[in-house]
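Work through the exercises below with the sequence and the model open. Each task is followed by a solution in steps.

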Amino acid sequence: MKKHLSIMMALAVLAIGIITSCKKDPIPNNNEQPTDTIPTVTDRITFGDTTGMIVTTYNTIMEFDEGWNPIILDLNDGGIDDIKIETVYDGPLAIGEFQTLTLHCLNDHTELLGDSIVKESYSHRETTYDTIDDYIVITHAYTFSTCETIEENDPVNTSKVFEVFANDYDNAFGAEDHFQTGKAVLFRENVKYSLANPGDEIVDVDYYNNIYDCWNFPTDEEKYIGFRITKNGNSRYGWLKIKLHPTWGGKVVDTELIETAIQK
């Protein structure tokens, strides 16, 4: 009987312990993230792979005309504009204005997949003399080219240019790549013009030909521009998918925004 009573008491004590332990608060795990923090996202993605991405498609074409409004994007839906694509026009007053297509980061949180690169350009000058109606015509032809020299001894110039990379579908990028905030020129219109300075007996004529083709973003192709937005120590990666459409005989471009994507 005593043995039976002892067993019953032991079971009762065990039951009380179980009930008590069920009512205890759980021991906090200091390694757990609070529910209101941004979850960790992968630091490498592939252009065109929409797994884990928030994708927004567009039917937007910004024409080259200066009267059109720029494309302004809040890429992470954070209430702050992140990117602007716009056409600006500039040039000597005597000859008119020419298209320059630019891409801007609008805040310090947004960076573009690209780098400041030292690029070469080349200058060439030719001078000719003619006589027309008793006038001596001195012609100076100046060529500035981003592509190649015309003659072996042409001067070489160097410029540091912020270039965003034109990426293809299925290329990969991420944390180990270089990102930079700032403004990049995507396209600059080639410029040809002439200026004449007539005198009593001599006429000076200057011809200018500026060729920017080899520094321009590719045209007539769908390309991806990568970006990174960092807030509170958390980085999210994504892309712009665009296409530049040549118009007016290839002199200028319209800009088509096809889609944007950012990690969830």
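**Exercise 1. A charge and a ring**

Which residue lies over the face of Y212, and at what distance from the ring centre?

Solution. The model is predicted, so local features need pLDDT of at least 70 and side-chain atom pairs count only at pLDDT 80 or more, while totals for chains, interfaces and linings use all residues. Residues are numbered from 1 along each chain as its sequence is written, and side-chain values use heavy atoms, with hydrogens and water left out.

- Step 1. The criterion asks for NZ of Lys or CZ of Arg within 6 Å of the ring centre and within 35 degrees of the ring normal.
- Step 2. R188 lies over the face of Y212, at 4.9 Å from the ring centre.

**Exercise 2. An open sheet**

State the strand order of the open sheet formed by four strands, and find the strands at its edges.

Solution.

- Step 1. Strands are DSSP runs (E, at least two residues), numbered from the N terminus. Two of them pair if DSSP finds at least two bridges between them.
- Step 2. The order is β3-β4-β5-β11, with antiparallel pairing.
- Step 3. β3 (71-73) and β11 (183-188) each have a single partner strand, so one side of each is left without a neighbour in the sheet.
- Step 4. Neighbouring strands of this sheet are turned by 25° against each other on average, direction ignored. For such angles, axes are lines fitted to C-alpha atoms, and angles run from 0 to 180 degrees between N-to-C directions.
- Step 5. Between β3 and strand β4 (residues 83-90) there are three bridges, and the two run antiparallel. Within β4, I83 stands opposite L73.

**Exercise 3. The partners of β13**

Describe how β7 and β12 each pair with β13.

Solution.

- Step 1. Strand β7 (residues 135-145) runs parallel to strand β13 (residues 202-211), joined by 10 bridges. Y142 has Y208 in β13 as its bridge partner.
- Step 2. Strand β12 (residues 191-198) pairs with β13 in the antiparallel sense over eight bridges. Here L195 has D206 in β13 as its bridge partner.
- Step 3. The connection from β12 to β13 is a hairpin through three residues.

**Exercise 4. Aromatic pairs**

Classify the pairs F47 with Y224 and Y193 with Y208 as stacked or tilted.

Solution.

- Step 1. Rings of Phe, Tyr and Trp (its six-membered ring) pair if their centres lie within 6.5 Å; planes under 30 degrees apart count as stacked, over 60 as edge-to-face and the rest as tilted.
- Step 2. The structure holds 11 aromatic pairs. In one of them, the rings of F47 and Y224 have centres 5.4 Å apart and planes at 35°, so this pair is tilted.
- Step 3. F47 lies in the loop between β1 (44-46) and β2 (53-62), and Y224 in strand β14 (residues 222-231), so the pair ties together parts that are 177 residues apart in sequence.
- Step 4. Relative accessible area (1.4 Å probe, protein chains only) is graded as buried under 20%, exposed over 50% and partly exposed in between. F47 is buried at 1%, and Y224 is buried at 4%.
- Step 5. Y193 and Y208 are stacked, at 4.8 Å centre to centre with 20° between the planes. Y193 is in strand β12 and Y208 in strand β13, 15 residues apart.
- Step 6. Y193 counts as buried at 19% relative accessibility, whereas Y208 is partly exposed at 24%.
- Step 7. F47 and Y224 also belong to one aromatic cluster with F173, F179, Y237 and W239.

**Exercise 5. Salt bridges**

Which residues does the salt-bridge network of R44 join?

Solution.

- Step 1. A salt bridge is a side-chain nitrogen of Lys or Arg within 4 Å of a carboxyl oxygen of Asp or Glu. The whole structure has nine salt bridges.
- Step 2. R44 meets E176 at 2.0 Å, N to O. E176 lies in the loop between β9 (172-174) and β10 (179-180) and R44 in strand β1, so the pair ties together parts that are 132 residues apart in sequence.
- Step 3. R44 also meets D177 in a salt bridge at 3.6 Å, N to O. R44 and D177 are 133 residues apart.
- Step 4. E176 is exposed at 54%, while R44 is partly exposed at 37% and D177 is partly exposed at 29%.
- Step 5. E189 forms a salt bridge with K251, with the closest N and O atoms 3.5 Å apart. E189 lies in the loop between β11 and β12 and K251 in the loop between β15 (234-247) and β16 (252-263), so the pair ties together parts that are 62 residues apart in sequence.
- Step 6. Salt bridges that share partners join R44, E176 and D177 into one network.
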